[in-house]
Amino acid sequence: MTSYFLPRDLHPAAWWVWALGLAVAATRTTNPWLLLTIVAVTGYVVVARRSEAPWALAFRLYLYLGAFIVAIRVFFRVVFGGAEGSTIILRLPEIPLPEWAAGIRLFGDVSAESLLGGLYDGMRLATMVICLGAANALANPKRLLKAMPPALYEVGTAVIVALSVFPQLAESVLRVRRARKLRGGSGKKKVKALHTVLIPVLEDALSRSLQLAASMDSRGYGRAGLVEARTRLITGTLMIVGLIGVCVGVYATLDGSTPRYLAAPVLSVGLVIGLVGFWSAGKRVRRTRYRPDRWHLPEIVVAVSGIAVAAILFTTSEVNPMNMNPSLITLSWPSLSWGPLLGVLIGVLPAFLTPVPEPPYAALEEPVLEKEGTA
């Protein structure tokens with residue numbers, strides 16, 4: 001049990017499963033108390049278990065983005081007509097529009113029901129974005145690249161590089177600002193000092209991108225093997241059909257008004273077809289691993305906690321939908337029951353039942369890119 005809590009970085013896929021579970025749970029409710037609880041849970045876990053890596057500094061940006069999303073949704077309800085409801089709280093002059101723009105209103109009366117609807121929808125979307133930001137702050141993108149299946153290594157490379165752009169830029173800004181302070185150049189005005197910061201940051205980012213491209217090229221990324229056209233066609237068809245089935249099944253699962261035969265059956269069939277396509281595409285890729293990145297008990301605890309939150313809110317939304325989605329017809333304070341609240345609080349378990357991140361000075365340099373090739 002002592003080795004369980006030894007400092008180490010958890011597998012990035014475990015953090016993504018946990019964050020996606022919380023994001024899926026957020027899609028099942030518009031209750032502001034539950035959404036705020038989900039945000040509080042993600043924030044606490046990030047603060048407790050994030051490392052000192054550059055990508056861990058990006059969570060604050062996602063919080064700002066979430067607040068911006070909420071403000072934009074409420075603002076749109078005011079600008080493009082918010083009179084759905086009987087409780088008028090603001091009367092603005094309505095701007096007349098031509099006949100071809102029938103159905104669109106600019107300003108006019110604003111009701112409390114419309115504003116609350118925009119607020120609830122904005123909070124739900126913002127909560128989902130913050131959950132994804134928590135995954136970006138906790139998961140090591142380089143280790144996540146190692147965990148990509150063989151069929152997705154090329155796409156995964158592009159995605160991981162794109163996800164790490166802004167954290168790397170933030171690290172470059174901090175390094176350049178630190179160098180300016182050591183040279184005594186921090187006394188300049190911000191406008192005049194902009195060019196002394198911007199040019200080194202862009203140069204550093206470009207240099208690191210070229211180094212990454214050269215490193216990936218030397219390890220075989222982007223190599224295309226000799227594959228028959230028929231095999232490519234069959235593999236591509238299987239993957240596309242499988243992904244379409246997964247998308248339809250996930251949408252039907254999240255949308256309670258969709259027929260149930262489009263939910264689990266279509267999702268299951270899409271997963272099976274997609275896995276067959278991935279297996280067929282992965283057969284032509286040869287992979288070598290210097291040090292396999294395995295899952296241990298803490299990773300399982302993290303993943304199960306996120307899945308449990310999603311499962312509990314799915315069950316609660318079927319049993320008591322009015323508690324999960326407050327009414328906008330009869331205005332009242334949103335109610336909160338113990339069942340969904342305790343279900344959301346399960347998501348905070350990784351902050352207590354997982355080891356702390358490994359200190360940066362104790363982490364050894366590991367090869368993060370695997371040698372890739374195609375048969």
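The paragraphs below lead through a predicted model, from the annotated membrane spans to a pocket, a set of salt bridges and a nonpolar surface patch.

The record offers a first frame for the chain: in an unreviewed UniProt entry, the annotation "transmembrane region" covers residues 33–49, 61–80, 151–174, 233–254, 260–279, 300–317 and 337–356. Two of these spans can be set against the coordinates of the model. Residues 260–279 are 80% helix and 0% strand, and the C-alpha atoms at the ends of this span lie 29 Å apart. For residues 337–356 the helix content is 60% and the strand content 0%, with the end C-alpha atoms separated by 32 Å.

The second largest pocket brings together parts of the chain that lie far from one another in sequence, as the pair Gly21 and Ile307 illustrates: these residues are 286 positions apart along the chain, yet their C-alpha atoms are separated by 5.0 Å. The pocket holds about 510 Å³ of space, and its lining consists of 16 residues, with Leu20, Gly21, Val24, Ile307 and Ala310 lying nearest its centre. At least two lining residues come from each of helix H1 (12–27), helix H9 (229–254) and helix H11 (297–319), and H1 gives the most, with 6 residues. Gly21 itself belongs to helix H1, and it counts as buried because its relative accessibility is 8%, which falls under the 20% limit for that class.

Charged contacts form the next part of the picture. Side chains of opposite charge can pair when their charged atoms come close, and the structure holds 4 salt bridges. One of them joins the side chains of Arg8 and Glu299, with an N to O distance of 2.9 Å. This pair links distant parts of the chain, since Arg8 sits in the segment before H1 and Glu299 in helix H11, 291 residues apart. The two partners fall into separate exposure classes: Arg8 is partly exposed, with a relative accessible area of 23%, whereas Glu299 counts as buried, at 0% relative accessibility.

Elsewhere, Arg73, Arg77, Asp121 and Arg124 are linked in a network of salt bridges. Within this network, the side chain of Asp121 meets that of Arg77 at 3.5 Å, N to O, a pairing that links distant parts of the chain, from helix H4 (residues 112–138), which holds Asp121, to helix H3 (residues 59–79), which holds Arg77, the two being 44 residues apart. Asp121 also meets Arg124 in a salt bridge, here at 3.4 Å, N to O; because these two residues are 3 positions apart in helix H4, they are separated by about one helical turn. Asp121 is partly exposed, with a relative accessible area of 21%, and partly exposed is also the class of Arg77, at 25% relative accessibility, and of Arg124, with a relative accessible area of 24%.

The last feature to follow is a nonpolar patch on the surface, where Phe75, Phe76, Phe80, Ile95, Leu97 and Ile104 together make an area of about 560 Å². One of these contributors, Ile104, lies in the loop between strand E1 (88–91) and strand E2 (109–111). Ile104 counts as partly exposed because its relative accessibility is 48%, and residues qualify for a patch when their relative accessible area is over 30% and they have no salt bridge.

How values were computed:
Residues are numbered from 1 along each chain as its sequence is written. This is a predicted model: local features need pLDDT of at least 70, side-chain atom pairs count only at pLDDT 80 or more; totals for chains, interfaces and linings use all residues. Side-chain values use heavy atoms; hydrogens and water are left out. Patches are made of residues with over 30% relative accessible area and no salt bridge: like charges are joined within 9 Å, nonpolar side chains (Val, Leu, Ile, Met, Phe, Trp, Tyr) within 5 Å. Accessible areas come from the Shrake-Rupley method with a 1.4 Å probe; for residues, only the protein chains shown count as cover. Helices (H or I, at least four residues) and strands (E, at least two) are DSSP runs, numbered from the N terminus. Buried means under 20% relative accessible area, exposed over 50%, partly exposed in between (1.4 Å probe, protein chains only). UniProt positions are given in the numbering used here, feature names are shortened, and annotations may be inferred rather than shown by experiment. On a 1 Å grid over the protein atoms alone, a cavity is a set of points where a 1.4 Å probe fits but cannot get out, and a pocket is an open set with protein on both sides within 12 Å along at least five of seven lines; lining residues have an atom within 4 Å of a point. Grid points are joined across faces, edges and corners, and a volume is the space filled by probe spheres set on the points.
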